Amino acid sequence: MHIKQELTERHVLTLTVDNEAGTLARIAGMFTSRGYNIDSLTVADISEDHAISRITIVTRGPPPVIDQIIAQCERLIPVHKVTDLTEAGPYVERELALVKVRGTGDQRVEAMRLADIYRARVIDATVNSFIFEITGGPDKIDTFVALMREVGLVEVGRTGIVGLMRGAEGS
Amino acid sequence: MSEDFAVPEKSGAEILIDTLIEQGVDTVFGYPGGAVLPIYDALFQHKKIRHVLVRHEAGAAHAAEGYARSTGKPGVVLVTSGPGATNAVTGIADAFMDSIPLIVLTGQVATNLIGSDAFQEADTVGITRHCSKHNYLVKDPADLASTVREAFAIATKGRPGPVVIDIPKNVQVATASTDVKRPTSSRFSPAGEADYAEINRAVELLANAKAPILYTGGGIINSGPDASAALRELAELCGAPVTSTLMGLGAYPASGDAWLGMLGMHGTYEANMAMNQCDVMLCLGARFDDRVTGRLDAFSPDSIKIHIDIDRSSINKTVRVDLPIVADVGAAMRQMIEVWKGRKYKAAALDDWWARIKGWRAVDCLSYAGSTQEIMPQYAIERLFAATKDKSPIITTEVGQHQMWAAQHFHFDAPNKWLTSGGLGTMGYGLPAAVGAQMGNPDALVIDIAGEASIQMNIQEMATATQYRLPVKVFILNNEWMGMVRQWQELTYESRFSESYSDSLPDFVALAEAYGWKGIRCSDPAKLDDAIAEMLAYDGPVMFDCRVHKTSNCFPMIPSGAAHTDMILHSDEVSGTMDDEAKALV
């Protein structure tokens, strides 16, 4: 007997939650305890009184599992609202990455040229290194990081994505 | 500001007790320890709350479950930090799976010691996070009252469940003004009535069905006695047969004409066949558990499925349904009755459907080979039922064969009379649950139908029954085996009985007497009725060691991974082995 793998879809979920101790652990732990995947998770408080946080989770699963993930999130007491951006309509998603490259001569020039094409900004520079700041969709950042690997990538830090629905309405 | 006008302050422990009383708590099941001493001192001075001293914290949690399940009120548990809390975890997880409202108060080391690996420190909030409906760590006595109020609302409303409140010792001692009122939180709003568009559709489907079935579950019991009344009325109106999960037994009377018996792995042939062959299935407060559905792709393949559940996450979790309705099942049934009557529907002509059901009933799936030499376990349950049915007893069980035989052969006509660990399947549940049920129902006949293996898992609670003069009866079907394990080994592992023999059993009669109970032993079927009568006549706790046939198996049975139509009815149909796919299923 072998374990069967199922086809999965990528979904971006946003959760509005109470900003209190344990909320993040409750949500992240629920994903673990029920065997759901987390590709990325970002969280920050978004209200003036710091009472409400917004969490963006990128997850993967077959459609019935995605539906169950949303229901299980909604079941948690501190979770006010769950929106599946992938289902809700057109949306934008952005991620920020800091990318450190090391090199001199042609490599350094090439890194700068590529950064310019990808609209990455230099936020730290030494005679033999740069840190670039780049924002965009995950694909763009993946591509940029892959290119930087060719010209001397040292390390990369990524925020994970945040997303909003397009248009005038809130989610 | 003058000190003279300040509102008097109280300690966290006193605020806690005051709030419990305000919430209507009259009974607490607990065990003291270092980190809850301030609360125990406050309890000592408040005689409005009865404290039941258990002998192990697992017993406290299960006793509170038994109290809650039999009274409809939340059960309250009070235990100390560290081992007190971890011992209660099984009961918390059990209550979570079976949707039992519990408030579990746990002591914690002082806030300045949290995280320092202090004596009797455990991360209770972390440990219970995913086996409770919600939990709290209270860091300020000013938050205690509002936290406890919200905890009661969360535990009892919507789909009920356990809520844990972890209270550091210094928060119990520190004082706070008692007029602190945090605005009542509105963040918890469970489903109530259903949308009428959905109800109308459900009624239309039911009224036009040719082979309908009502598949009922524990949600009806949780919704309250009126939900059981509504179920009876709805079943009468539509004329459909009724089956139930293990957790829902008693919601529809077993003596009712439409009753098919329990469904699922050890359910009746007629219930499972009717589920398989129905054209409209109305699922009321049940959750398509794997013990109920059997093989999913063969589960009721041709039916339109309507699912009413208060918990959105129960819908489409394992079985895709055609008409999901998120609502309180009692309210939704009342709405269905209203619509049905309003539109003057008549019960459809279901003669063909009932004729087929009659054919399945004729299989007489619960029959078993009798014996004049030995007590058959099914016979023991039948005789116990016959002797007690007029007393409307509360039955608790442990987990295993005896539990399934009790579900099959003991019959319930009212809700809140059947207390069993369905979801988690916790051996050792029955005796403490009986203690809790008897505390909540002092005049009721409370019987724990047990197995000789399960009863040993919380046998220390015999002393609790003795201390509080609780006349609980423990009826042990003693076959000297962990019977359900032995049965699966016989069916799945070619009778390799690995570690399933109950060796070195205590003398249960002597044990009963050691605890101040009465002990009775019976192994002769001819003497069984008299022995049961002797048990019932005794005004005190009794342990009944019923020596039954040792290798009886519980049938009918749907083997794991099989369809409803592939029931094993008798042991001679068993091959003794299974493929790996089936073995891997629970």
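This is a guided tour of a predicted model, going from chain A to its interface with chain B and then to three helix pairs inside chain B.

**Chain A**

Begin by selecting chain A and colouring it by secondary structure, which comes to 5 helices and 9 strands. Following the chain from the N terminus, you should meet these elements in the order β-α-β-β-α-β-α-β-α-β-β-α-β-β. If you orient the view along the principal axes, the C-alpha trace of chain A spans about 55 × 55 × 30 Å.

Next, show the side chains of A:Arg60 and A:Asp39, which form a salt bridge whose closest N and O atoms are 2.7 Å apart. The pair links distant parts of the chain, 21 residues apart, with A:Arg60 in strand E3 (residues 52-61) of chain A and A:Asp39 in the loop between helix H1 (23-33) and strand E2 (40-45) of that chain. Over all chains, the count of salt bridges comes to 31.

**The interface of chain A and chain B**

Now display both chains and select the residues that meet across the boundary: 21 residues of chain A are in contact with 20 residues of chain B. Between them the two chains bury about 1,800 Å², with 48% of that area on carbon and sulfur atoms. On the chain A side, pick out A:Met1, A:Arg26 and A:Ile77, which lose the most area to chain B and together account for 39% of what that side buries.

How many salt bridges are found across the interface of chain A and chain B? There are 3, and one to inspect is formed by B:Arg312 with A:Asp67, where the closest N and O atoms are 3.3 Å apart.

**Chain B: H1 and H2**

Hide chain A and select helix H1 (residues 12-22) and helix H2 (residues 37-44) of chain B, which pack at an angle of about 55° with their axes 8 Å apart. That angle makes H1(B) oblique to H2(B), and H1(B) passes H2(B) in a right-handed crossing. To see the contact itself, show B:Ala13, B:Glu14, B:Leu16 and B:Ile17 from H1(B), together with B:Pro38, B:Ile39, B:Ala42 and B:Leu43 from H2(B). Colouring these residues by class gives 7 nonpolar, no polar and 1 charged.

**Chain B: H8 and H13**

Move on to helix H8 (residues 196-207) and helix H13 (residues 329-342) of chain B, whose axes lie 9 Å apart at a packing angle of about 65°. Here too the crossing, of H8(B) past H13(B), is right-handed. On H8(B) the contact includes B:Tyr196, B:Ile199 and B:Asn200, while on H13(B) B:Gln335, B:Glu338 and B:Trp340 are among the residues that take part. By class, the whole contact of H8(B) with H13(B) has 10 nonpolar, 2 polar and 1 charged residues.

**Chain B: H15 and H21**

For the last stop, select helix H15 (residues 377-388) and helix H21 (residues 528-537) of chain B, the axes of which come within 10 Å and cross at roughly 50°. H15(B) and H21(B) are therefore oblique to each other, and H15(B) passes H21(B) in a right-handed crossing. Show B:Tyr379, B:Ala380, B:Arg383, B:Leu384, B:Ala387 and B:Thr388 on H15(B), and opposite them B:Leu528, B:Asp529, B:Ile532, B:Met535 and B:Leu536 on H21(B), since these residues make the contact. By class, this contact has 8 nonpolar, 1 polar and 2 charged residues.

Terms used: Residues are numbered from 1 along each chain as its sequence is written. Chains are lettered from A and ligands numbered from 1 in the order in which they are written. This is a predicted model: local features need pLDDT of at least 70, side-chain atom pairs count only at pLDDT 80 or more; totals for chains, interfaces and linings use all residues. Side-chain values use heavy atoms; hydrogens and water are left out. Axes are lines fitted to C-alpha atoms, for helices over the stretch in contact, and angles run from 0 to 180 degrees between N-to-C directions. Helices (H or I, at least four residues) and strands (E, at least two) are DSSP runs, numbered from the N terminus. Angles under 35 degrees count as roughly parallel, over 145 as roughly antiparallel, 65 to 115 as roughly perpendicular and the rest as oblique. A crossing is left-handed if the near helix is turned anticlockwise from the far one by less than a right angle, and right-handed if clockwise. Contact means heavy atoms within 4.5 Å. Ala, Val, Leu, Ile, Met, Phe, Trp, Tyr, Cys and Pro count as nonpolar, Asp, Glu, Lys and Arg as charged, and the others, Gly among them, as polar. Buried area is the accessible area (1.4 Å probe) that two parts lose on being put together, summed over both. A salt bridge is a side-chain nitrogen of Lys or Arg within 4 Å of a carboxyl oxygen of Asp or Glu.
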